Amino acid sequence: MRLLIVEDEKRLAEVVAAGLSAEGYAVDVANDGPTGLSRARAGVYDLIILDIMLPGLNGYQICARLRADGDETPVLMLTAKDGEYDEAEGLDTGADDYLTKPFSYVVLQARIRALLRRRGGSVAPTVWRFGDLTVEPAAKRVLRGDTEVGLTAKEFAVLEYLSHRVGEVVSKADILEHVWDFTYDGDVNIVEVYISNIRRKIDTPFGRSAITTLRGAGYRLAADGG
């Protein structure tokens, strides 16, 4: 999943971004309102973490403009303010959730997972099962039958995104957009490397073929786990 953090406290933004990146998310950061709005409009994000007090444009204004654009990306607002009127204003401008600083990183993770599960108006499963292939997003765990398969954070992020789109053909560009961050400008064939690594771990030892390649189109995760 690809996340955007709009936060002018650079140290806080860096720490949160580093933590979420280690969890396998692709994370972009903006440190002021105009840059945050521009990034949000230019990128394809699964969730936006948005501070309220920002230079240039505040979080309320950014959220309101995104909603006016028809952008329904989930927004989690962060603020040092504390009060029911601040929370109400945030929700009234279109935010989906609200977290007051200082906050627990564990709580932030839980709020992010909850919003991502609700994305698109439906509740995503906490565990995906495709035949004997099990993907557990919260635990960052993958199993073939009863055997746990060790994936790196980035490998897991790729598999998780394919799981989210199971049965669909997902292009390299789409995977890059959601799993790598905004600053990545390397070879798109990096996706092939990660797909190959994942197959070597979840398919080859078990005689399965969960991920198929459609030349010129992308990759598809089989609903039956191959």
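Visitor: Before we look at β4, what counts as buried here?
Guide: Buried means under 20% relative accessible area, exposed over 50%, and partly exposed in between, with a 1.4 Å probe and protein chains only. The model is predicted: local features need pLDDT of at least 70, side-chain atom pairs count only at pLDDT 80 or more, and totals for chains, interfaces and linings use all residues. Residues are numbered from 1 along each chain as its sequence is written, and side-chain values use heavy atoms, with hydrogens and water left out.

Visitor: OK, how many residues of β4 are buried?
Guide: Five of the five residues in β4 (75-79) are buried. Strands (E, at least two residues) and helices (H or I, at least four) are DSSP runs numbered from the N terminus.

Visitor: Which residues sit on which side?
Guide: Val75, Met77 and Thr79 are on one side of β4, with Leu76 and Leu78 on the other. In a regular strand, side chains alternate between the two faces of the sheet.

Visitor: Which strands does β4 pair with?
Guide: β4 runs parallel to β3 (residues 47-51), joined by four bridges, and parallel to β5 (residues 97-100), also by four bridges. Pairing requires at least two DSSP bridges between the strands. Ile49 has Leu76 as its bridge partner, and Leu78 stands opposite Leu99.

Visitor: Switching topic, what is the strand order in the open sheet of four strands?
Guide: The order is β6-β7-β8-β9, with antiparallel pairing.

Visitor: Why is one side of β6 and of β9 left without a neighbour?
Guide: β6 (128-130) and β9 (147-149) stand at the edges, so each has a single partner strand.

Visitor: And which residue of β8 is opposite Leu133?
Guide: Arg144.
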